[in-house]
Amino acid sequence: MTAHETQATSPRSRKAVDTRGTLIRAAEQLFAAKGVDGASLNEIKRAAGQRNATALQYHFGDRAGLLRAVLDKHLPAVDARREVLLQQYEDSGAVDLRSLAAALVLPVAAKLADPDGGREFLQIVAELLNRPEPLVEVVVTKGSSIYPWRRLVQPLLAAESTTVFHSRFTAMRFSHAELAARAAARPRRDDRLFTSRLIDLVTALLAAPVSEQTARLLHERGRKGRPQPQDPTR
């Protein structure tokens, strides 16, 4: 056994790992219950049973670092599931908007059955994406599976849906909001019906046509030279 391995398995090292995990779990619970900005760091330390006043700062630096650790605990599994679904979609050669809606929803919906903070994760992400100024860059980081999903969905949508109205981001916000509401309620024996219907609704949202009235208002805005909003996931 190398010196590094000895150090990695030492009681002191194991205690540090345990402390870090306990703080993350306390943060999940309090961020979900009170909001990412509503839960104080002192509350999180107390909930984690930490008497050391500097434990949180030592492991995470600040609130942003702690939030990053919470998301990093869950996002890799979500991305891995979505990447498999997207690869299956591409391999099939099919052109099916509902399959792509499922690739958006299913990897996240799987967190409803994750007893290690999955339901809290859903509530936290929904809050971040549904703020007046969404913190998209915190959730959709470099290498996120959302980018290939966006690319595959784009050809199936009306041009205005991607260039002006950003239906893909709306679908993300809607699906996360619905999953968060489900996560905050009592656990159900089976989430399959809920998830299937959510996929139906996301499919319909993505496929929603631009009405004549909306097109006319869009044309009038263009003549007045008003800037169009940017898709936050670009």
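Colleague: Let's start with glutamate 28: is this residue buried or exposed, and what is its relative accessible area?
Modeller: Happy to, and keep in mind that this is a predicted model. Buried means under 20% relative accessible area. Glutamate 28 counts as buried, because its relative accessible area is 0%.

Colleague: Which residue meets the side chain of glutamate 28 in a salt bridge?
Modeller: The two partners are 3 residues apart in helix H2 (residues 11-34), so about one helical turn separates them. In general, an α-helix has 3.6 residues a turn, so residues three or four places apart point the same way. The N to O distance in this salt bridge is 2.9 Å, and the partner is arginine 25.

Colleague: And how accessible is arginine 25?
Modeller: Glutamate 28 is buried, whereas arginine 25 is partly exposed. The relative accessible area of arginine 25 is 22%.

Colleague: Which residues are linked with Arg25 and Glu28 in a network of salt bridges?
Modeller: By the rule used here, the structure has a count of 14 salt bridges. The network that holds Arg25 and Glu28 also links Lys73, Asp116 and Glu120.

Colleague: Arginine 131 and aspartate 37 form a salt bridge too; how many residues apart in sequence are the parts that the pair ties together?
Modeller: The closest N and O atoms of arginine 131 and aspartate 37 are 3.1 Å apart. Arginine 131 lies in the loop between H7 and H8, and aspartate 37 in the loop between H2 and helix H3 (41-47), so the parts tied together are 94 residues apart in sequence. As for burial, arginine 131 counts as buried at 17% relative accessibility, while aspartate 37 is exposed with a relative accessible area of 53%. To come back to your question, the separation in sequence is 94 residues.

Colleague: Which residue meets aspartate 114 in a salt bridge?
Modeller: The side chains come to 2.9 Å, N to O. The partner is buried, with a relative accessible area of 8%. That partner is lysine 111.

Colleague: Turning to cavities, how much space lies in the largest cavity?
Modeller: The structure holds 1 cavity of 30 Å³ or more. The space in the largest cavity is about 140 Å³.

Colleague: Which helix gives the most to the lining of the largest cavity?
Modeller: The lining has 14 residues, and those nearest the centre of the cavity are Leu75, Arg82, Val139, Ile146 and His176. Helix H5 (63-92), H6, H7 and H11 each give two or more residues. By character, the lining divides into 10 nonpolar, 2 polar and 2 charged residues. The helix that gives the most, with 4 residues, is H5.

Colleague: How far does helix H11 reach from its first C-alpha to its last?
Modeller: H11 covers residues 167-184, which is 18 residues. Its buried residues include Phe169, Met172, His176 and Leu179, and among the elements covering the buried residues are helix H6 (97-109), helix H7 (118-129) and helix H12 (192-207). At 1.5 Å a residue the expected reach is 26 Å, and the model comes close to this at 26 Å.

Colleague: Finally, which residues does threonine 195 touch, not counting residues up to four places away in sequence?
Modeller: Threonine 195 has its place in helix H12. It is buried, because its relative accessible area is 9%. With those sequence neighbours left out, threonine 195 touches Val105, Leu106 and Ala109.

Terms used:
Residues are numbered from 1 along each chain as its sequence is written. This is a predicted model: local features need pLDDT of at least 70, side-chain atom pairs count only at pLDDT 80 or more; totals for chains, interfaces and linings use all residues. Side-chain values use heavy atoms; hydrogens and water are left out. The expected span of a helix is 1.5 Å times one less than its number of residues. Buried means under 20% relative accessible area, exposed over 50%, partly exposed in between (1.4 Å probe, protein chains only). Contact means heavy atoms within 4.5 Å. On a 1 Å grid over the protein atoms alone, a cavity is a set of points where a 1.4 Å probe fits but cannot get out, and a pocket is an open set with protein on both sides within 12 Å along at least five of seven lines; lining residues have an atom within 4 Å of a point. Grid points are joined across faces, edges and corners, and a volume is the space filled by probe spheres set on the points. Ala, Val, Leu, Ile, Met, Phe, Trp, Tyr, Cys and Pro count as nonpolar, Asp, Glu, Lys and Arg as charged, and the others, Gly among them, as polar. A salt bridge is a side-chain nitrogen of Lys or Arg within 4 Å of a carboxyl oxygen of Asp or Glu.
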